[in-house]
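Let's take a walk through a protein together. Keep the 3D view open and turn it as you read.

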Amino acid sequence: MKTYYFDNNATTPVSERVWQTMEPFLKSEYGNPSSLHHRGRAPAKALREARIQVAQLLGAADDREILFTSCGSESNNTAILSCLSTNPSKKQFVTSSVEHSSIRKLGRNLSGQGYDVVEVGVSTQGFLLMDELKRVISDQTAVVSLMLANNETGALFPIDEIGSLLRERGILFHVDAVQAVGKYSLNVKSSPIDFLSLSAHKLYGPKGVGALYVRQGVPFKSFVVGGGQERGRRAGTENVAGIAGLGAACELALSDLPQEIDRLKKLRALFEDSLGEKVPGIEINGDLYRRLPTTRNVRFPGVDAEALMMALDQKGICVSSGSACMSGSHEPSHVLKAMGLSDEEANSSIRFSFGRFTSEQDIREVVPMIRETLDYFKEVERNSVAGSRKAPR
Ligand code: PLP
C-alpha cells in the first residue's frame, strides 16, 4: 500500500543528503569532538560546519549564537528558564493560549512556583490579540515567549512587530520557530528576537536534535550543567551525527527556500480547491493568508475526526487530529478551542500538513479517497438509523 504522508508538522522524513552526512558519525567517525587526538578532529569539524549552516539559515550575525540541544522542547525550556534566572526580580512570564505543550506545561510549573503566568488569547482566525499583549506586559515581565507559526493551523504571529514592542519596554523575547524554520524566510540579525528555538526533525533532519539561537550579548544561564561543551552553555557530549544532520538539513532548506515555499503554496491551493469541490460543506480553521504554506486545518462538520483519521490510515493516508504530542489525549485541541471552536467543532477537525516529498499526484489521489471515506461514513450512519427504526421494541 502506498503511503500518503500528510503529517509533516508532526515530523518529516530524513532526506537522503542528511542521511549521507550523518552516516560516517554513526560508524567510522566515532571520536569525541572534545578529544585532542586525531579521532576527535572530524567530529569537531562537523560541529563547526553545522553551527555555520544553522546560523546561515537563520540569518544570524555569528555562528557562536547557535547552541545545540536535544530537541525543540529543550530549546524552549532552556530559553525561558534562562530568562527567568537572569532576571530574578521579575516574576511574570507571558505567552499565548495556543503554544506547544513544552511552553504551556512549563508555564503551569512556573505558576506553581509563584510566577505570574499570563496566556494572551487569539482571534477566531488564530492571530495573537495584540491589544491584550500590550495590556498585560509590565515592568515585572521577565520574558515573552510566542510561536512564529502554529503547529495546528499554520497561523503566523507578527514577530517583528511584537519584538519591537518588547524591545522598547526592555523585555526579553523568545520565539518558538520549530514549525517555521525551513519553511519561512528568517533573519534573526535584523529581527528583534533574543532567543529562537528550532528542531531538526521538522525540516528533514533526524529526531533528537535541536538548536537555540541566543543573541550575542543577551545574558544566558545554563540549564544542563556538567562538562564545558557548547562553550559552557549546555553540558553533555554532543550528538555529532544528529548535529551534522541538522546542519545538512539547514543547508538543504536554504538552497531552495523561495522555490519550495512557492511549490508548497501551489500544492496547498490545489488541495483546498479540489477538496472544496469534492466535499462541499467543509470549513477551514484559521486565516487563509497569514499562515505557513505547509498547513491546512479542515473541519468536516458532523464527522468524528479521530474515526476519519483512522479510516484514512487504512488507505495509507497519514494525517492528524490535533498536535502529535497531544494525540491520544482525547481532549479537543486547545488551539482550536482558543480560536472559539466548540468541543464538537474541534473534534471534527483534521490537520493536513505537506512537505518536500508531497507531490501534486499525491493530492490528486488523496482527495477522492477522502470523499469515498466520507460517503462510506454516511452510508454506515444511514444503515444504522434504518436498523434502529426496524429494531423490535
Ligand atoms: N514547538 C512546536 C511549535 C512544535 O510543533 C513542536 C513539536 O511538535 C515543538 C515545539 C517540540 O519540538 P520537539 O519535538 O523537537 O521537542
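Before we dive in, here's a handy idea: two strands count as paired if DSSP finds at least two bridges between them. Keep in mind, too, that what you're looking at is a predicted model.

With that in hand, find strand E5 (residues 141-147) and strand E6. These two pair in the parallel sense, over 5 bridges. For one spot along this pairing, look at Val144, which stands opposite Phe173 in E6. How does the chain get from E5 to E6? It crosses through helix H6 (residues 159-168), and this β-α-β crossover is right-handed.

E6 has another partner as well. Strand E7 (residues 195-199) pairs with E6, again in the parallel sense, over 3 bridges. Here you can pick out Val175, whose bridge partner in E7 is Leu196.

Now stay with E6 itself, which covers residues 172-176. In a regular strand the side chains alternate between the two faces of the sheet. You can see this for yourself in E6: Leu172, His174 and Asp176 point one way, while Phe173 and Val175 point the other way. Are these residues buried or exposed? They're all buried, and that's 5 of the 5 residues in the strand.

Asp176 brings us to the ligand. There are 13 residues around the ligand, and Asp176 is among those that come nearest, along with Gly72, Ser73, Ser199 and Lys202. In the side chain of Asp176, an N or O atom sits 2.7 Å from a nitrogen atom of the ligand. The side chain of Lys202 also has an N or O atom close by, 2.6 Å from an oxygen atom of the ligand. Gln179 joins in too, with a polar side-chain atom 2.9 Å from a ligand oxygen. How much of the ligand does the protein bury? Taken alone the ligand exposes 390 Å², and the protein buries 91% of that.

Who makes up this shell? Sorted by type, its residues are 3 nonpolar, 8 polar and 2 charged. Helix H3 (residues 72-86) supplies the largest share, with 3 residues.

Our last stop is a loop. Between helix H1 (16-26) and helix H2 (41-58), look for Gly31. Why does Gly31 count as buried? Its relative accessibility is 9%, and buried means under 20%. Gly31 is also 10 residues from Arg41 in sequence, with a C-alpha to C-alpha distance of 7.8 Å in space.

Note on methods
Residues numbered from 1 in each chain as written. Predicted model: local features only at pLDDT ≥ 70, side-chain atom pairs only at ≥ 80, totals over all residues. Heavy atoms only, no water. Near = heavy atom within 4 Å. Polar contact = N/O pair within 3.5 Å; in protein donor to acceptor, adjacent residues only side chain to side chain. Areas by Shrake-Rupley, 256 points an atom, 1.4 Å probe, with all protein chains shown as cover. Helix = DSSP H or I, 4+ residues; strand = E, 2+ residues; numbered from the N terminus. Nonpolar A, V, L, I, M, F, W, Y, C, P; charged D, E, K, R; others polar. Buried < 20%, exposed > 50% of the residue type's maximum accessible area, 1.4 Å probe, protein only. Right-handed = clockwise from strand over helix to strand, strands pointing away.
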